[in-house]
Amino acid sequence: FALNPEPDFEQFTELVVNMWTDKTESGHPGENVQHIEAETLILRGEDDFLVSLESLVELKKRIKKSLLANIPFAGHQVYPEQPQITESIIKQFLCG
């Protein structure tokens, strides 16, 4: 590849992991989430192995106008696993 003539998978992996890993105390993107003023819907699958419920409860506390929905019988990809429940929650959120 012209843009990466000597591919370094180890360096690439380290950069990607660092990009997606927040090392701040809260584990959220810096403390910037507390400045979100828009109404925010946070969706999580009840069986999500990547994002803990505790982490999203903490995130909800930091975003003033947020709603957290923990979708039953779903993992990390809530919509493909529970489309009807997910659509219902999104519609309720959007319609107030």
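Begin by selecting Asp-48, which sits in the loop between strand 1 (40-45) and helix 2. Helices (H or I, at least four residues) and strands (E, at least two) are DSSP runs, numbered from the N terminus. The model on display is predicted, so local features need pLDDT of at least 70 and side-chain atom pairs count only at pLDDT 80 or more, while totals for chains, interfaces and linings use all residues. Residues are numbered from 1 along each chain as its sequence is written, and side-chain values use heavy atoms, with hydrogens and water left out.

**Stop 1: Asp-48**

Is Asp-48 buried or exposed? Asp-48 is buried, with a relative accessible area of 10%. Here buried means under 20% relative accessible area, exposed means over 50%, and partly exposed lies in between (1.4 Å probe, protein chains only).

Next, display the residues around Asp-48. Not counting residues up to four places away in sequence, Asp-48 touches Ala-74, Gly-75 and His-76; a contact means heavy atoms within 4.5 Å. With His-76, the side chain of Asp-48 makes a polar contact, side chain to side chain, at 2.8 Å. A polar contact is a pair of N or O atoms within 3.5 Å; within protein, one must be able to donate a hydrogen and the other to accept it, and residues adjacent in sequence count only if both atoms are side-chain atoms. A polar atom of the Asp-48 side chain also lies 2.7 Å from the backbone nitrogen of Leu-50. To see a link across the sequence, select Val-78: its C-alpha atom is 8.7 Å from that of Asp-48, although the two residues are 30 apart along the chain.

**Stop 2: Thr-86**

Now select Thr-86, in helix 4 (residues 83-95). Thr-86 is buried, with a relative accessible area of 2%. Which residues does Thr-86 contact, leaving aside its neighbours within four places in sequence? They are Leu-43, Ile-71, Val-78 and Tyr-79.

**Stop 3: helix 2**

Move to helix 2 (residues 53-62) and select Arg-62 and Glu-58, which both lie in this helix, 4 residues apart, about one turn. Side chains of opposite charge can pair when their charged atoms come close. The side chains of Arg-62 and Glu-58 meet in a salt bridge, with 3.2 Å from N to O. A salt bridge is a side-chain nitrogen of Lys or Arg within 4 Å of a carboxyl oxygen of Asp or Glu. A search of the whole structure finds 1 salt bridge. Arg-62 is partly exposed at a relative accessible area of 22%, and Glu-58 is likewise partly exposed, at 29%.

In the same helix, select Lys-60. Lys-60 is partly exposed, with a relative accessible area of 34%. Apart from its neighbours within four places in sequence, Lys-60 is in contact with Ile-42, Ser-66, Leu-67 and Leu-68. Its C-alpha atom is 9.5 Å from that of Val-33, which is 27 residues away along the chain.

Lys-61, also in helix 2, counts as exposed at 64% relative accessibility. Lys-61 and Val-33 are 28 residues apart in sequence and 10.0 Å apart in space, C-alpha to C-alpha.

**Stop 4: helix 1**

Then select Phe-9 and Phe-12, which lie in helix 1 (residues 9-20), 3 residues apart, about one turn of the helix. The structure holds 1 aromatic pair. How are the rings of Phe-9 and Phe-12 placed, so that the pair is described as it is? Their centres are 6.3 Å apart and their planes stand at 40 degrees, so the pair is tilted. Rings of Phe, Tyr and Trp (its six-membered ring) pair if their centres lie within 6.5 Å; planes under 30 degrees apart count as stacked, over 60 as edge-to-face and the rest as tilted.

Phe-9 counts as exposed at 60% relative accessibility, and Phe-12 is exposed at 52%. Add Val-16 to the selection: Phe-9, Phe-12 and Val-16 make a nonpolar surface patch of about 320 Å². Patches are made of residues with over 30% relative accessible area and no salt bridge; like charges are joined within 9 Å, and nonpolar side chains (Val, Leu, Ile, Met, Phe, Trp, Tyr) within 5 Å.

**Last stop: the whole protein**

Finally, show the whole chain. The secondary structure comes to 4 helices and 2 strands, in the pattern α-β-α-β-α-α along the sequence. Buried residues make up 23% of the 96 residues. The protein exposes about 7,600 Å², of which carbon and sulfur atoms supply 58%; accessible areas come from the Shrake-Rupley method with a 1.4 Å probe, and for residues only the protein chains shown count as cover.
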